[in-house]
Amino acid sequence: MKFNAANAQKVIDWIEANPERWCQTSLHYGTTHCFAGVAQILSGKKASVIYTTEDACAFLGLPLVDTWDGNDAGYLFAPWRTLPELKERIRLLAMEANGHE
């Protein structure tokens, strides 16, 4: 599975265009969504807290995980991440996916 930098950038673009609807501490709450929640919605799936991680990982080309530690999905989905941290991790993942370290 290869990291999908284009889809990750779509999530960032959505967050930047809708900052009032981004809340990293909640998957989906009314009309607000975390990074994984936005990825799930942009993938064309309905907002569902049961399948958020699964749908977001598939959309982003990341292995499905169930912990916050030691993996890229866990880093991106952690509730304490800031937008600059998310953007930097995506930049690094994109470089790795393209064979640059």
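Visitor: Where is T31 placed?
Guide: This is a predicted model. In it, T31 sits in the loop between strand 1 (28-29) and strand 2 (32-33).

Visitor: Why is T31 called exposed?
Guide: The relative accessible area of T31 is 51%. Exposed means over 50%. So T31 counts as exposed.

Visitor: How far is T31 from Q9?
Guide: Their C-alpha atoms are separated by 20 Å. Along the chain, T31 and Q9 are 22 residues apart.

Visitor: How many disulfides does the structure hold?
Guide: The count is 0. A disulfide is a covalent bond between the sulfur atoms of two cysteines.

Visitor: How do you know that C34 is not bonded to C23?
Guide: C23 holds the closest cysteine sulfur to that of C34, at 8.3 Å. A disulfide needs the two sulfur atoms within 2.5 Å. The distance of 8.3 Å is therefore too far for a bond.

Visitor: And what about C57?
Guide: C57 is in no disulfide either. Its nearest cysteine sulfur belongs to C34, 11 Å away.

Visitor: Are C34 and C57 buried or exposed?
Guide: C34 has 2% relative accessibility. C57 has a relative accessible area of 1%. Buried means under 20%, so C34 is buried and C57 is buried.

Visitor: Which residues make the nonpolar surface patch?
Guide: L27, V49, I50 and Y51 make the patch. Its area is about 420 Å².

Visitor: What makes L27 partly exposed?
Guide: L27 has 33% relative accessibility. Buried is under 20% and exposed is over 50%. The value for L27 falls in between, so L27 counts as partly exposed. L27 is placed in the loop between helix 1 (5-17) and strand 1.

Visitor: How many aromatic pairs are there?
Guide: The count is 1 aromatic pair. The rings belong to F35 and F77.

Visitor: Why is the pair of F35 and F77 called tilted?
Guide: A pair of aromatic rings is described by the distance of the centres and the angle of the planes. For F35 and F77, the centres are 6.4 Å apart. Rings pair if their centres lie within 6.5 Å, so these two rings pair. Their planes are at 35°. Stacked is under 30 degrees and edge-to-face is over 60. The angle of 35° fits neither, so the pair is tilted.

Visitor: Which parts of the chain does the aromatic pair link?
Guide: F35 lies in helix 2 (residues 35-42) and F77 in helix 4 (residues 72-77). The two are 42 residues apart. F35 is buried at 0% relative accessibility. F77 is buried at 7%.

Visitor: What lies over the ring of Y75?
Guide: The charged end of R81 sits over the ring, 3.5 Å from its centre. R89 lies over the face of Y75 too, at 3.7 Å from the ring centre.

Visitor: How many salt bridges does the structure hold?
Guide: The structure holds 4 salt bridges. Side chains of opposite charge can pair when their charged atoms come close.

Visitor: What makes K87 and E16 a salt bridge?
Guide: Their N to O distance is 2.6 Å. The cut-off is within 4 Å. So K87 and E16 meet in a salt bridge. K87 lies in helix 5 (residues 83-97) and E16 in helix 1, so the pair ties together parts 71 residues apart in sequence.

Visitor: Why is D72 with R89 called a salt bridge?
Guide: The closest N and O atoms of D72 and R89 are 3.0 Å apart. That meets the limit of within 4 Å, so the pair counts. D72 is in helix 4 and R89 in helix 5, 17 residues apart. D72 is partly exposed at 28%, and R89 is partly exposed at 22%.

Visitor: Where do E88 and R91 lie?
Guide: Both lie in helix 5. They are 3 residues apart, about one turn of the helix. Their side chains meet in a salt bridge, at 2.7 Å from N to O. E88 is partly exposed at 37% relative accessibility, as is R91 at 41%.

How values were computed. Residues are numbered from 1 along each chain as its sequence is written. This is a predicted model: local features need pLDDT of at least 70, side-chain atom pairs count only at pLDDT 80 or more; totals for chains, interfaces and linings use all residues. Side-chain values use heavy atoms; hydrogens and water are left out. Helices (H or I, at least four residues) and strands (E, at least two) are DSSP runs, numbered from the N terminus. Buried means under 20% relative accessible area, exposed over 50%, partly exposed in between (1.4 Å probe, protein chains only). Patches are made of residues with over 30% relative accessible area and no salt bridge: like charges are joined within 9 Å, nonpolar side chains (Val, Leu, Ile, Met, Phe, Trp, Tyr) within 5 Å. Accessible areas come from the Shrake-Rupley method with a 1.4 Å probe; for residues, only the protein chains shown count as cover. Rings of Phe, Tyr and Trp (its six-membered ring) pair if their centres lie within 6.5 Å; planes under 30 degrees apart count as stacked, over 60 as edge-to-face and the rest as tilted. A charge sits over a ring if NZ of Lys or CZ of Arg is within 6 Å of the ring centre and within 35 degrees of the ring normal.
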